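Please follow the chain with the structure open beside the text, taking one region at a time.

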Amino acid sequence: MTVMINFEERAQQRGASTLPSVADLTERIGNLFASPSYQPPMLPTVAVELLDVARYPEIDLKRIARMIARDPLLAGQVMRRVQSPFYAGRRPIVSLDQAIFRLGLNTIRDLVLEAALNVRLFTTPGYASAMERIRRHSVATAHICRILGPVTQQDPHKLFLFGLLHDVGLAAALIAIDDIFDGADRPPMVHVWTAIETTHESAGTLLARIWDLPGDVPALIGQHHDCGATGSPNRLTATLHIAEAIAARLGRGVTPNTQPQFFRSTIDVNPPEVVAEAQAVLGLTPELLLDAIKAAEERLDAIR
């Protein structure tokens, strides 16, 4: 956590009075997102195209391979992932064509989106440690959501998408603060986190709409902390709450377990009563929940 410590030392040297208030930070982030000149991080073209073609299951899979190959960086990341023990199986996957035919369009779409966010969104130099925590949490939550799909009789790929993208607002707000400030003037993470927490759901909704994400995904991202935001319990949001609880248990929460002072709050840690409510909504027995935790641990170890 060297980056964070350096920023703390700089903040102490110049005095706390020079730091912007939380209200000021929140307002500046909101104004940036509302500005017509705001330039959000954009998904690679191939990722956007895959979001669309995934709605057409009869599409030529070889065409999908050619689409992915147009972006060598993404193609390389996808190939590294499909060659991991979890995906490769007993016979290694040696080409994009083979990967798509063996794993299917939806799984490849999931992998491309994960790689795209790693490259284009989950990166900012000023707050690298915090962004890496957000990235690890989002990826872990996505894979755990997919595990919970069959258990809860829901679409595992939609759950994966929701899990992967639910905290894009955290990343967008962090990038915004990094862009607003420069060098020694950049506030320490413990100071900016409350403003990021305040704005992250609306920021996530904004990005989801700009990216033209399918269906109700933008609305879900904007209300992902409230299982009953629509007036009745939402099973997708309940699944996310369970997945986040499992991710935190396995050391993939946003806040480091060993450094509670890293952020001022732990929005990814759902209270026991929220987890219990989500478990009841989904009808998850303790046995099913334990099975999901074990499967999640094995999955995250395999894709690391």
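**From one threonine to the whole fold**

T107 lies in helix α8, and in this predicted model the residue is buried, with a relative accessible area of 14%. If its neighbours within four places in sequence are left aside, T107 is in contact with Y87, R146 and H157. One of these partners, H157, is itself among the buried residues of α10, a helix to which we return below.

It helps to set this residue against the chain to which it belongs. The protein chain contains 16 helices and zero strands, and of its 304 residues 53% count as buried. Among contacts between residues at least 6 apart in sequence, 74% join residues at least 24 apart.

Helix α10 can now be taken up in its own right. Eight of its 10 residues are buried, so α10 is largely enclosed by the rest of the structure. The buried residues are H157, L159, F160, L161, F162, G163, L164 and L165, and they pack against α3 (45-53), α8, α9, α11, α13 and α14 (235-249).

The link to α13 can be followed through a single residue, I221, which is found in that helix. At 1% relative accessibility, I221 counts as buried, and, leaving aside its neighbours within four places in sequence, I221 is in contact with F162, L165, H166, E201, G204, T205, A208 and L213. Two of these partners, F162 and L165, appear among the buried residues of α10. The C-alpha atoms of I221 and T237, which are 16 residues apart along the chain, are separated by 9.1 Å.

Another of the helices that α10 packs against, α11, also takes part in a pairing with α2. How do α2 and α11 lie relative to each other? Helix α2 (residues 22-34) and helix α11 (residues 168-180) pack at an angle of about 100°, with their axes 10 Å apart, and α2 and α11 are therefore roughly perpendicular to each other. On the α2 side R28, I29, L32 and F33 take part, and they meet A172, A173, A176, I177 and I180 in α11. By class, this contact has eight nonpolar residues, no polar residues and one charged residue.

The largest pocket has a different make-up by class, and it brings α8 back into view. About 320 Å³ of space lies in this pocket, and of the 16 residues that line it, the closest to its centre are R81, E114, N118, R135 and I303. The elements that give two or more residues to the lining are α5 (72-82), α8 (105-120), α9 (128-152) and α16 (286-303). Sorted by class, the lining has six nonpolar, three polar and seven charged residues.

Two loop residues complete the tour, and both deserve a look at their backbone angles. Q153, found in the loop between α9 and α10 (156-165), has a positive phi of about 60° although it is not a glycine, and with a relative accessible area of 75% the residue is exposed. D212 lies in the loop between α12 (189-210) and α13 (217-222), and its phi is near 60°, again a positive value in a residue other than glycine. At 54% relative accessibility, D212 counts as exposed, whereas I221, in helix α13, counts as buried.

How values were computed:
Residues numbered from 1 in each chain as written. Predicted model: local features only at pLDDT ≥ 70, side-chain atom pairs only at ≥ 80, totals over all residues. Heavy atoms only, no water. 1 Å grid on protein atoms, 1.4 Å probe; cavity = no way out; pocket = protein on both sides within 12 Å on 5 of 7 lines; lining within 4 Å. Points joined across faces, edges and corners; volume = space filled by probe spheres on them. Helix = DSSP H or I, 4+ residues; strand = E, 2+ residues; numbered from the N terminus. Nonpolar A, V, L, I, M, F, W, Y, C, P; charged D, E, K, R; others polar. Axes fitted to C-alpha atoms, helices over the stretch in contact; angles between N-to-C directions. Parallel < 35°, antiparallel > 145°, perpendicular 65-115°, else oblique. Contact = heavy atoms within 4.5 Å. Buried < 20%, exposed > 50% of the residue type's maximum accessible area, 1.4 Å probe, protein only.
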